[in-house]
Amino acid sequence: MKIAVMAGDGIGTEITAEAVKVLKVLGLGMEMEEALVGGAAYDAHGHPLPEATLNLAKTSDAILFGAVGDWKYDKLERQFRPEQAILGLRKHLGLFANFRPAICYEQLTHASSLKPELVSGLDILIMRELTGDIYFGQPRGRRTATDGLFPGAEEGFDTMRYTRPEIIRIGRVAFEAARKRNRHVTSVDKSNVLETSQLWRDTMVELGKEYPDVTLEHMYIDNAAMQLVKEPKKFDVVVTGNMFGDILSDEASMLTGSIGMLPSASLNDKKQGLYEPSHGSAPDIAGKGVANPLATILSAAMMLRYSLDQAEAADRIEAAVKKVLAQGLRTPDIYSVGTTRVGTREMGDAVVKALG
Ligand code: NAD
């Protein structure tokens, strides 16, 4: 098992160190190699995703990724910005399936902006297609309008597109994931308005026939956004395209209250994956030793489960995280009166200890 460790920028280095610590204690004999990425790589090599980093990613079974970005790079040309590293890795490795679990831990129900009874026990998985849709569709650009309401005016345009094989491939991942959970898939589209979505829905209906043991439901994106805050627990696996998934996964993450708790995974068809917390590099708290490392530690658990076939070790990490929360340990982002405030390193140490 070869893991590429890419800590990145800001709190990325602090939180990744804790996840690596946890992985090492498991004693699974993994080979771990570090590489610069994002702003750190730009500073050292003039590019956010240097050739050596990309090669390491390609030859590894999985990438444990911290976070990239800092406001100081905002004035760089787009191709040199730290965030381009993630897009580059997704593209070069073909990471089309983005898993974003939103789990509300019992001890943290108060942190959600929803009523505790709505989120207590919440465990949903948002599955977002990551390499297609309007974000990548051509043609796109700016031009002078020749028709429409304002001919002669400047207009911007993008193209939403999906091919049937792209829909089938993400659909399969969703159905397979549902089989390991509560066997319920909600496919989200806008087929009442969009041709792309109609193809999405038709394809999902066809594919659903291969999974008679999984219940397939369809929902329009606007309704899904509403139902996620009205009755989130009625979802199990939600599968959708790139743009709708971008929005729904952030909405779902907020149901749990803390962005510092949410892992994510992006996989290709060879089960190679990039595992990272859902949050960014948090430059406002970088270097202060207060960042919550649990999202990254839980991302490492997902890496063990989905890319390395080490489900038992993944279970151990997840159980250890629940245990430290039950012990009342909290980084500042999840702190509440009556609990014990700890820093990044102490939280990592506590998880290691809780592994038993
Ligand atoms: P952010 O997620 O970095 O931070 C948002 C807020 O959440 C901040 O107040 C931060 O302190 C807090 N926060 C985030 N993670 C935390 C943690 N583990 N523990 C405690 N608090 C935490 O988003 P932002 O401020 O909009 O972006 C900062 C930089 O991160 C930008 O350069 C952005 O482009 C980049 N970014 C990177 C990724 C990524 O690497 N995948 C994702 C999102 C944003």
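Start at the ligand, which has 20 residues around it. The closest are Val-68, Glu-83, Gly-280, Ala-282 and Asp-284. Keep in mind that this is a predicted model.

Which atoms of Glu-83 and Asp-284 face the ligand's oxygen atoms? For Glu-83, a polar side-chain atom lies 2.4 Å from an oxygen atom of the ligand. For Asp-284, an N or O atom in the side chain is 2.9 Å from a ligand oxygen. Asp-70 makes its approach through the backbone. One of its backbone N or O atoms lies 3.4 Å from an oxygen atom of the ligand.

Now turn to the open spaces. The largest pocket holds about 970 Å³ of space. Its lining has 35 residues. Nearest the centre of this pocket lie Phe-99, Leu-125, Met-302, Arg-305 and Tyr-306. Several elements give two or more residues to the lining: β4 (97–103), β5 (123–129), α6 (164–179), β11, α10 and α11. Which of them gives the largest share of the lining? Helix α6 does, with five residues. What kinds of residue make up this lining? There are 19 nonpolar residues, three polar ones and 13 charged ones.

Two of the strands that help line the largest pocket, β5 and β11, deserve a stop. Take β5 and look for Arg-128, which is found there. Is Arg-128 buried or exposed? Arg-128 has a relative accessible area of 7%. The limit for a buried residue is under 20%, so Arg-128 counts as buried. A distance helps to place Arg-128 in the fold. Its C-alpha atom is 14 Å from that of Gly-273, and 145 residues separate the two along the chain.

Next comes strand β11, where Ser-266 has its place. The relative accessibility of Ser-266 is 1%, so this residue is buried as well. What does the side chain of Ser-266 touch? It makes a polar contact with the side chain of Asn-98, at 3.2 Å.

Closed spaces come next. How many cavities of 30 Å³ or more does the whole structure contain? A search finds three. The largest cavity has a volume of about 80 Å³. Its lining is made of Asp-133, Met-160, Tyr-162, Val-188, Asp-189, Thr-196, Ser-197, Trp-200, Thr-240, Gly-241 and Phe-244. Strand β8 (184–189) and helix α7 (195–208) each supply at least two of these residues. The largest share comes from α7, with three residues. By class, the lining of the largest cavity has five nonpolar, four polar and two charged residues.

The last stop is charge. Side chains of opposite charge can pair when their charged atoms come close. How many salt bridges does the whole structure hold? The search finds 20.

One of them joins Lys-72 to Asp-43, with the closest N and O atoms 3.9 Å apart. This pair links distant parts of the chain, 29 residues apart. Lys-72 is in the loop between β3 (62–67) and α4 (84–93), while Asp-43 sits in helix α2 (residues 39–45). Lys-72 has a relative accessibility of 59%, so it counts as exposed.

Another salt bridge brings together the side chains of Asp-309 and Lys-271, at 3.3 Å from N to O. Here too the pair links distant parts of the chain, 38 residues apart. Asp-309 lies in the loop between α10 (294–306) and α11 (311–326). Lys-271 lies in the loop between β11 (263–267) and β12 (273–277). How open are the two partners? Asp-309 is exposed, at 58% relative accessibility. Lys-271 is partly exposed, with a relative accessible area of 37%.

Glu-231 and Lys-234 also meet through their side chains, in a salt bridge of 4.0 Å from N to O. Glu-231 is partly exposed, at 40% relative accessible area. Lys-234 is partly exposed too, at 37% relative accessibility.

Finally, which residues are linked in a network of salt bridges? Glu-18, Lys-21 and Asp-349 are linked in this way.

Terms used. Residues numbered from 1 in each chain as written. Predicted model: local features only at pLDDT ≥ 70, side-chain atom pairs only at ≥ 80, totals over all residues. Heavy atoms only, no water. 1 Å grid on protein atoms, 1.4 Å probe; cavity = no way out; pocket = protein on both sides within 12 Å on 5 of 7 lines; lining within 4 Å. Points joined across faces, edges and corners; volume = space filled by probe spheres on them. Helix = DSSP H or I, 4+ residues; strand = E, 2+ residues; numbered from the N terminus. Nonpolar A, V, L, I, M, F, W, Y, C, P; charged D, E, K, R; others polar. Buried < 20%, exposed > 50% of the residue type's maximum accessible area, 1.4 Å probe, protein only. Near = heavy atom within 4 Å. Polar contact = N/O pair within 3.5 Å; in protein donor to acceptor, adjacent residues only side chain to side chain.
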